[in-house]
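Reader: I am new to this structure and would like to know how its labels are earned. Could you walk me through the reasoning?

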Amino acid sequence: MDDVLEELALHVDVKDALLGVQNPIRKMLDKVILLETNTEWKTDENTPETLTADLVMKKYIAALGWVLESGYN
């Protein structure tokens, strides 16, 4: 995975998150993985009250729509 990420033009925080380093991006990635695997939505003391499973799902669906519109396959 390290070798692949080295070749991609991603911010270091994104690369770290994909490698499992705990940072804000990784925390969001973990929540998206929970949604994709139908696992129970969990919050902790660092989760803003406004970040609900419903809101994340709406944003996730919007992002998937953006990918489809971009023509990425």
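Author: Gladly! Let us begin with what a helix is here: a DSSP run of H or I with at least four residues, and helices are numbered from the N terminus. Helix H1 covers residues 2–7, and Asp3 lies in it. Please keep in mind that this is a predicted model.

Reader: Why is Asp3 called exposed?

Author: Exposed means over 50% relative accessible area. Asp3 has 65% relative accessibility, so Asp3 counts as exposed.

Reader: Which residues form the negative surface patch?

Author: Asp2, Asp3, Glu6 and Glu7 form it. Asp and Glu count as negative, which is what gives this patch its sign.

Reader: What makes Arg26 and Asp30 a salt bridge?

Author: The rule asks for a side-chain nitrogen of Lys or Arg within 4 Å of a carboxyl oxygen of Asp or Glu. The closest N and O atoms of Arg26 and Asp30 are 2.8 Å apart, so the pair meets the rule. Both residues lie in helix H3 (residues 24–36), 4 residues apart, about one turn of the helix.

Reader: Are these two partners buried or exposed, or in between?

Author: Buried means under 20% relative accessible area, and partly exposed lies between that and the exposed class. Arg26, at 16%, therefore counts as buried, while Asp30, at 27%, counts as partly exposed.

Reader: How many salt bridges does this rule give?

Author: The count comes to 2 salt bridges. Besides the pair in H3, Lys58 and Asp54 meet through their side chains, with 3.3 Å from N to O. That value is within 4 Å, so this pair qualifies too.

Reader: Where do Lys58 and Asp54 sit in the helix?

Author: They are 4 residues apart in helix H4 (residues 53–70), which means that about one helical turn separates them. Lys58 has 53% relative accessibility and so counts as exposed. Asp54 has 47%, which is not over 50%, so Asp54 counts as partly exposed.

Reader: How do you know that Asn23 is buried?

Author: Its relative accessible area is 12%, and buried means under 20%, so Asn23 falls in that class. Asn23 is placed in the loop between helix H2 (12–18) and H3.

Reader: What does the side chain of Asn23 reach?

Author: It reaches the backbone oxygen of Asp13 at 3.1 Å and the backbone nitrogen of Arg26 at 2.7 Å. A polar contact needs N or O atoms within 3.5 Å, and both distances fulfil that.

Definitions and conventions
Residues are numbered from 1 along each chain as its sequence is written. This is a predicted model: local features need pLDDT of at least 70, side-chain atom pairs count only at pLDDT 80 or more; totals for chains, interfaces and linings use all residues. Side-chain values use heavy atoms; hydrogens and water are left out. Helices (H or I, at least four residues) and strands (E, at least two) are DSSP runs, numbered from the N terminus. Buried means under 20% relative accessible area, exposed over 50%, partly exposed in between (1.4 Å probe, protein chains only). Patches are made of residues with over 30% relative accessible area and no salt bridge: like charges are joined within 9 Å, nonpolar side chains (Val, Leu, Ile, Met, Phe, Trp, Tyr) within 5 Å. Accessible areas come from the Shrake-Rupley method with a 1.4 Å probe; for residues, only the protein chains shown count as cover. The place of a charge is taken as NZ of Lys, CZ of Arg, CG of Asp or CD of Glu. A polar contact is a pair of N or O atoms within 3.5 Å; within protein, one must be able to donate a hydrogen and the other to accept it, and residues adjacent in sequence count only if both atoms are side-chain atoms.
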